[in-house]
Amino acid sequence: MPTDLLLERAPAPPEALPAASRFVTLEEYFAMTVASERRIEYIDGAIFVMDGVTLFHSSIQINMTRILLQQLAGSDYGIHSSNVSVHIAPSTYFFPDLCAVRGAGRVARSGAALVNPVLVVEALSKSTAHKDRGIDFAA
C-alpha cells in the first residue's frame with residue numbers, strides 16, 4: 001500500500017510539543033528523564049514529550065518488527081523497540097519506532113541511550129511527519 005494512502009487513513013494523533021520554550025541543557029534533560037515516566041526527546045536544546053501512539057500506529061510498528069525479524073533471522077543483527085533511546089548526534093536523543101544494531105548494542109550515559117544503530121525506523125503520521133522527515137532524518 002502506498003505511504004500516502006496509509007497517511008490518509010491514519011488518524012492524526014496529537015503532535016509531540018516542546019515541553020519548554022527555553023534552551024534546556026543536557027544535564028537538565030537527563031534529570032528530566034530520570035524524574036519522568038514518559039519518553040522525552042532532546043534535540044539541540046529543545047525537548048519533546050512523546051505521547052502514546054494510536055492503534056493504527058501500533059499496528060504498523062508490530063508489522064515492521066515482524067518483517068525485520070523475518071529478514072534478519074539467523075544474522076548478527078538485533079532489533080530494539082521504541083522504548084530504547086538513540087543517541088546519534090552530539091545533542092540529539094530520541095525514541096525511534098524501531099532500530100537495529102549489528103552485534104552488541106553500545107550505550108552512552110550508563111545504559112541510557114543506544115549509540116550504534118545501523119537502521120532507524122519511524123512510522124510517519126500526519127502530525128509527526130514534518131519532524132520525522134526533518135529534524136530526526138537529518139540527525
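Author: To start, helices (H or I, at least four residues) and strands (E, at least two) are DSSP runs, numbered from the N terminus. You're looking at a predicted model, where local features need pLDDT of at least 70, side-chain atom pairs count only at pLDDT 80 or more, and totals for chains, interfaces and linings use all residues. Residues are numbered from 1 along each chain as its sequence is written, and side-chain values use heavy atoms, leaving out hydrogens and water.

Reader: How many helices and strands does the protein have?
Author: Try reading along the sequence, where the pattern goes α-α-β-β-α-β-β-β-β-β-β-β-α. Tallied up, the secondary structure comes to four helices and nine strands.

Reader: Okay, what percentage of the residues in the protein are buried?
Author: A residue is buried at under 20% relative accessible area, exposed at over 50%, and partly exposed in between (1.4 Å probe, protein chains only). The protein has 139 residues, and the buried share of them is 36%.

Reader: Is Gln-61 buried or exposed?
Author: Gln-61 sits in helix H3, which covers residues 55-72. Leaving aside neighbours within four places in sequence, it is in contact (heavy atoms within 4.5 Å) with Val-53, Ser-82, Asp-97 and Leu-98. Its relative accessible area is 12%, so Gln-61 counts as buried.

Reader: What does Ser-58 count as?
Author: Ser-58 lies in helix H3 too. Its C-alpha atom is 9.3 Å from that of Asp-97, a residue 39 places away along the chain. Its relative accessibility is 27%, so Ser-58 counts as partly exposed.

Reader: Which residues of strand S1 are buried on each side?
Author: In a regular strand, side chains alternate between the two faces of the sheet. Strand S1 runs over residues 40-43, and both of its faces are covered. On one side the buried residues are Ile-40 and Tyr-42, and on the other they are Glu-41 and Ile-43.

Reader: In S2, which residue is the bridge partner of Ile-40?
Author: Two strands pair if DSSP finds at least two bridges between them. S1 and strand S2 (residues 46-49) run antiparallel and are joined by four bridges. Within S2, the partner of Ile-40 is Val-49.

Reader: What is the phi of Asp-44 near?
Author: Asp-44 is in the loop between S1 and S2, two strands that form a hairpin with two residues between them. Most residues other than glycine have a negative phi. Asp-44 isn't glycine, yet its phi is positive, near 50°.

Reader: Is Asp-44 buried or exposed?
Author: Take a look at the turn of the S1 and S2 hairpin, where Asp-44 is found. The relative accessible area of Asp-44 is 55%, so this residue is exposed.

Reader: Which residue in S5 stands opposite Ile-43?
Author: S1 also goes with strand S5 (residues 92-94): two bridges join them, and they run antiparallel. The S5 residue opposite Ile-43 is Thr-92.

Reader: And in S5, which residue is the bridge partner of Ala-89?
Author: S4 and S5 form a hairpin with two residues between them. Three bridges join this antiparallel pair. For Ala-89, the bridge partner in S5 is Thr-92.

Reader: Is Ser-85 buried or exposed?
Author: You'll find Ser-85 in the loop between strand S3 (77-81) and strand S4 (86-89). Beyond residues up to four places away in sequence, Ser-85 touches Tyr-93, Phe-94, Phe-95, Ala-112, Ala-113 and Leu-114. Its relative accessible area is 7%, so Ser-85 is buried.

Reader: How far apart in space are Pro-117 and Arg-102?
Author: Pro-117 belongs to strand S9, residues 117-121. Not counting residues up to four places away in sequence, it touches Val-86, Ile-88, Cys-99, Ala-100 and Val-101. Arg-102 is 15 residues from Pro-117 in sequence, and C-alpha to C-alpha their distance is 7.6 Å.

Reader: Which element gives the largest share of the lining of the second largest pocket?
Author: On a 1 Å grid over the protein atoms alone, a pocket is an open set of points where a 1.4 Å probe fits, with protein on both sides within 12 Å along at least five of seven lines, and lining residues have an atom within 4 Å of a point. Among the residues lining the second largest pocket are Ile-88, Phe-94, Val-120, Asp-132 and Phe-137. Two or more lining residues come from each of S9 and helix H4 (129-138). The largest share, four residues, comes from H4.
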